[in-house]
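This report describes selected side-chain arrangements in one protein chain. Please keep the sequence and the structure in view while reading.

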Amino acid sequence: MNQTRLGYLYGLGAYLIWGFFPLYLKLLRPAGPVEILAHRIVWSVLFVALLLGAMRNIGFLRALARRPRALAGIATAAALIAVNWGTYIYGVNSDRVVETALGYFINPLVIVLIGVFLLRERLRPAQWVALAVGGAAVAVLTVDYGRLPYLALVLAFSFAGYGLVKKRLALPAAEGLFVESAALALPALAYLGWLTRRGDLAFGHVSAGHTALLVLAGAATAVPLLLFAGAANRLPLSTLGMLQYVGPILQLGCGVLVFHEPMPPARLAGFALVWLALVIFTVDALRAAHRTRAGARTPDPVPSPAR
C-alpha cells in the first residue's frame, strides 16, 4: 500500500472516530461531564505512557525539561484542550450534539480570524467573504437559539487556539498528548479523589461495562490523534482540510438522526450559511494550493490544528 493511500486511511479513521464520538460519550452517563473529563485525562496519560515505553521513547522528557518556554506552551495547550474536551463532553451529555458539531464546522473560519488578529495575516478577498458569511450564520443561529451559540464558539476558539500553540511547539503527536495530559493529571486525580470522599464517584459503582468504558477513554482519546498525525505526515494540507469536515458531518448526523435533536428551519438556514462559508473558504484554499504548486508565490496558509 502506497503512503498516500495509507494517509487517507489514517485520516478517515481519525475523523470517523471523532464523528461517532458522541455515541461513546452518551454511554458514559451517569458520570458527570467533569468526572468523564478527569477519566479521559488520567487514562490518556497511562495509555500513552505505555505506548511510549513500548517505543522506548521516554528520553524526550529530559530534553523537554530544559526548555522552560516549551513547558509554558505545553501548559497553555493543556488548558485549552481541557476546555475543549470539557465543553464537548458537557454539550453531548446535555443533548446539544448539533451545537457541538457547529463548533467544528466554524473552526476553520475561527483559525482565519486568529490569523488576522494575532498573526497579522493578510487575507485574500474570498477569505473575507467566507468570514462575512460565517458571521451572518452566527447571527442567524443566535436569533434561532435566543442566545449566542456559546458552546460552538468555545469549542471553535479553544481548538483553534490549541492548534496554534501546538503548531509552535512542534511536538510529535504521542509525546505532545502525554505531556499535555500529564500537566492536567494532578488536578484530574484530585477531582476524582474529591468525588470519592463525597460518595459521588460513578467509576466502579454503575456496572463493569461502564467502568471499562471509562478506562477506555484514554485509548479513545489517543488513537484518533495518532491516526491524524499519521495522515498529516502523508497527505497534502489541502486534502487534509477536506477530510476535516467528515467529523462534524457525522456529529451532526448523530445529533439529528440518532438523538433526534430539533433542527427548525431557522437553525437549518444558519447551518446552510456556515456550509456556504466553508465552500467559499475551501475552494479558495484549493485554488491557492494549485497556484503554489504551479510556482506562484502565495502566502503560507494560517496555521491550523490540521497541520
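In this predicted model, Lys 26 is placed over the face of Phe 259, at 4.7 Å from the ring centre. A second arrangement of this kind involves Arg 40, whose charged end sits over the ring of Trp 85, 4.4 Å from the centre of that ring.

**Aromatic pairs**

A pair of aromatic rings is described by the distance of the centres and the angle of the planes. The count for this model comes to 12 aromatic pairs. One of them joins Trp 18 and Phe 228: the ring centres are 6.0 Å apart, the planes make an angle of 50°, and the pair is tilted. Trp 18 belongs to helix H1 and Phe 228 to helix H11 (residues 217–232), so that pair links parts of the chain that are 210 residues apart. Is Phe 228 buried or exposed? Phe 228 is buried, because its relative accessible area of 11% falls under the 20% limit. Trp 18, at 22% relative accessibility, counts as partly exposed.

Another pair consists of Tyr 104 and Phe 159. The centres of these two rings are 6.0 Å apart and the planes stand at 80°, so the pair is edge-to-face. Tyr 104 lies in helix H6 (residues 97–117) and Phe 159 in helix H8 (residues 150–169), 55 residues apart, and the pair thus links distant parts of the chain. Tyr 104 counts as buried at 16% relative accessibility, whereas Phe 159 is partly exposed at 22%. Both residues also belong to a cluster in which ring pairs link Tyr 88, Tyr 104, Phe 159 and Tyr 162.

**Salt bridges**

How many salt bridges does the structure hold? The structure holds seven salt bridges, and the table presents some of them, including the distance between the closest N and O atoms.

| Basic residue | Acidic residue | Closest N and O atoms |
|---|---|---|
| Arg 96 | Glu 99 | 3.4 Å |
| Lys 166 | Glu 180 | 2.9 Å |
| Arg 198 | Asp 200 | 3.0 Å |

Lys 166 is part of helix H8 and Glu 180 of helix H9 (residues 173–198), so their salt bridge ties together parts that are 14 residues apart in sequence. Glu 180 is buried, with 2% relative accessibility. Arg 96 and Glu 99 are both buried, and a network of salt bridges links these two residues with Arg 147. By contrast, Asp 200 is partly exposed at 40% relative accessibility, and Arg 198 is partly exposed at 49%.

**A nonpolar patch and a buried leucine**

On the surface, Leu 12, Leu 16, Phe 20, Leu 23, Leu 257 and Val 258 make a nonpolar patch of about 510 Å². At least two residues of the patch come from helix H1 (3–19), and at least two from helix H13 (246–258). Leu 12, located in helix H1, is partly exposed at 34% relative accessibility.

Leu 28 is found in the loop between helix H2 (21–26) and helix H3 (33–55). Leu 28 is buried, with a relative accessible area of 0%. Which residues is Leu 28 in contact with, leaving aside its neighbours within four places in sequence? The contacts are with Ile 36, His 210, Leu 213 and Leu 214. In addition, the C-alpha atoms of Leu 28 and Phe 203 are separated by 9.6 Å, although these residues are 175 residues apart along the chain.

Definitions and conventions: Residues numbered from 1 in each chain as written. Predicted model: local features only at pLDDT ≥ 70, side-chain atom pairs only at ≥ 80, totals over all residues. Heavy atoms only, no water. Helix = DSSP H or I, 4+ residues; strand = E, 2+ residues; numbered from the N terminus. Buried < 20%, exposed > 50% of the residue type's maximum accessible area, 1.4 Å probe, protein only. Contact = heavy atoms within 4.5 Å. Patch = residues over 30% accessible without salt bridge, like charges linked within 9 Å, V, L, I, M, F, W, Y side chains within 5 Å. Areas by Shrake-Rupley, 256 points an atom, 1.4 Å probe, with all protein chains shown as cover. Salt bridge = Lys/Arg side-chain N within 4 Å of Asp/Glu carboxyl O. Phe/Tyr/Trp six-rings, centres within 6.5 Å; stacked < 30°, edge-to-face > 60°. Lys NZ or Arg CZ within 6 Å of the ring centre and 35° of its normal.
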